[in-house]
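User: I have a structure open here and would like to go through a few parts of it with you. Could we start with one of the helices?

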Amino acid sequence: MEEVNQTSSVSEFILLGFSSRPEDQKPLFILFLTMYLVTIVGNLLIILAIHSDPQLQTPMYFFLSFLSFTDICFTTTVIPRMLMNFLSEKTISYAGCLTQMYFIYALANTDSCLLVVMAFDRYVAICDPFCYVTTMNHRRCVLLVAFSCSLPHFHSLLHTLLLNHLTFCDSNVIHHFFCDINPLLKLSCSSTFVNEIMIMSEGSVVLVTPFLCITFSYMRIFITVLKIPSTAGKRKAFSTCGSHLTVVTLFYGSIFYVYLQPLSTYTVRDRVATLAYTVLSSLLNPFIYSLRNKDMEKGLRKLMARRKSKPEPLGSCS
């Protein structure tokens, strides 16, 4: 077989997944297939509801529709490969492994950037409401989404190219359910010093900076909300931010736990933690953003009612 990387003698990797026991494969397949279908349907409903309801044509829901689309793509880079491994051989080609890693990091960081944009949107809406329409105009919203979707690819490309220069000459067994950078670095028989330095420096900046921006936005929001005299006004302001804060906590909490630690401390427990941002976050987002969100609930009800009230096709005249 022709090698993809001239410095490596490994042409494919073996993804061990969660369990190597044959009796566990079918139950795991059913579980993750169900989670995948719920994720796809839930996020598609969010997108359709937003684009079909004029009342949801606001910057907040514009960003949410792109977050849902990114979640669909993100989950699709992870779960279908897992499902294949449950029912067949657990191998993935060298090129396929690097490709999967590239898109996982690009899409995960796109999610991160979109969460920052959504936090900024809430900050402007609550802290500077009179300038909201001017600040969050359509052109600026499109530019923010374009920036969020393009910048992460440079980060992902950097780490993929650095990984491609490593040598893999001994074991090719990845103790994970997808091609993650930490277990791949542990397999390398060449120096990973540069890779680890880049993860702890550039990687930390890419991960921590968006989180700090979100934290700063919500600190300003919290201070502004406390100045609102009425209890009802405070409750309404907090309710618009509660769902977003839940997603931020789940997403960043799991990412920080997995990646902001030395490579030597990486264990099998981190494999379970990655489920939170690769699978659970995308699965729960539609529920988090629709529950306790009256506008979204109305939009989903209108969408369902529109589907039910579609006229039946007329039969041919006799």
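Analyst: A good place to begin is R81, which lies in helix α2, residues 59-87; please keep in mind that this is a predicted model.

User: Is R81 buried or exposed?

Analyst: R81 counts as buried, because its relative accessibility is 19% and the cut-off for buried is under 20%.

User: And what does R81 touch, leaving out residues up to four places away in sequence?

Analyst: R81 touches L15, E89, T91, I92 and Q100. For Q100, the separation from R81 is 19 residues in sequence and 9.3 Å in space, taken from C-alpha to C-alpha.

User: Switching to charges, how many salt bridges does the structure hold?

Analyst: The structure holds four salt bridges. In one of them the side chains of K302 and D53 meet, with 3.6 Å from N to O. That pair links distant parts of the chain, since K302 is in helix α10 (residues 294-308) while D53 is in the loop between α1 (22-52) and α2, 249 residues apart.

User: Which of K302 and D53 is buried, and which is partly exposed?

Analyst: D53 counts as buried, at 3% relative accessibility, whereas K302 counts as partly exposed, at 34%.

User: Which residues are joined into one network by salt bridges that share partners?

Analyst: Those are R21, E23 and D24. R21 forms a salt bridge with E23, where the closest N and O atoms are 3.7 Å apart, and the side chains of R21 and D24 meet in another at 2.9 Å, N to O. Within this group, R21 counts as partly exposed at 47% relative accessibility, and D24 counts as buried at 18%.

User: What about the nonpolar core, how many residues are in the largest one?

Analyst: The largest nonpolar core has 82 residues, and F13, F32 and Y259 are among those with the most contacts inside it. Helix α3, residues 94-127, gives the largest share of this core, with 16 residues. Beyond its neighbours within four places in sequence, F13 is in contact with several residues, including K90, Y94, F168 and L187.

User: And on the surface, which residues make the nonpolar patch?

Analyst: V38, L280, L284 and F287 make a nonpolar surface patch of about 290 Å², and helix α9 (residues 269-290) supplies the largest share, three residues. L284 is found in helix α9 and is partly exposed, with a relative accessible area of 34%.

User: Last one: what does UniProt list for residues 28-49?

Analyst: The unreviewed UniProt entry lists residues 28-49 as a "transmembrane region"; in the model that span is 100% helix, and its end C-alpha atoms lie 31 Å apart.

Terms used
Residues are numbered from 1 along each chain as its sequence is written. This is a predicted model: local features need pLDDT of at least 70, side-chain atom pairs count only at pLDDT 80 or more; totals for chains, interfaces and linings use all residues. Side-chain values use heavy atoms; hydrogens and water are left out. Patches are made of residues with over 30% relative accessible area and no salt bridge: like charges are joined within 9 Å, nonpolar side chains (Val, Leu, Ile, Met, Phe, Trp, Tyr) within 5 Å. Accessible areas come from the Shrake-Rupley method with a 1.4 Å probe; for residues, only the protein chains shown count as cover. Helices (H or I, at least four residues) and strands (E, at least two) are DSSP runs, numbered from the N terminus. Buried means under 20% relative accessible area, exposed over 50%, partly exposed in between (1.4 Å probe, protein chains only). A nonpolar core is a set of buried Ala, Val, Leu, Ile, Met, Phe, Trp, Tyr and Cys residues joined through side-chain atoms within 4.5 Å. Contact means heavy atoms within 4.5 Å. UniProt positions are given in the numbering used here, feature names are shortened, and annotations may be inferred rather than shown by experiment.
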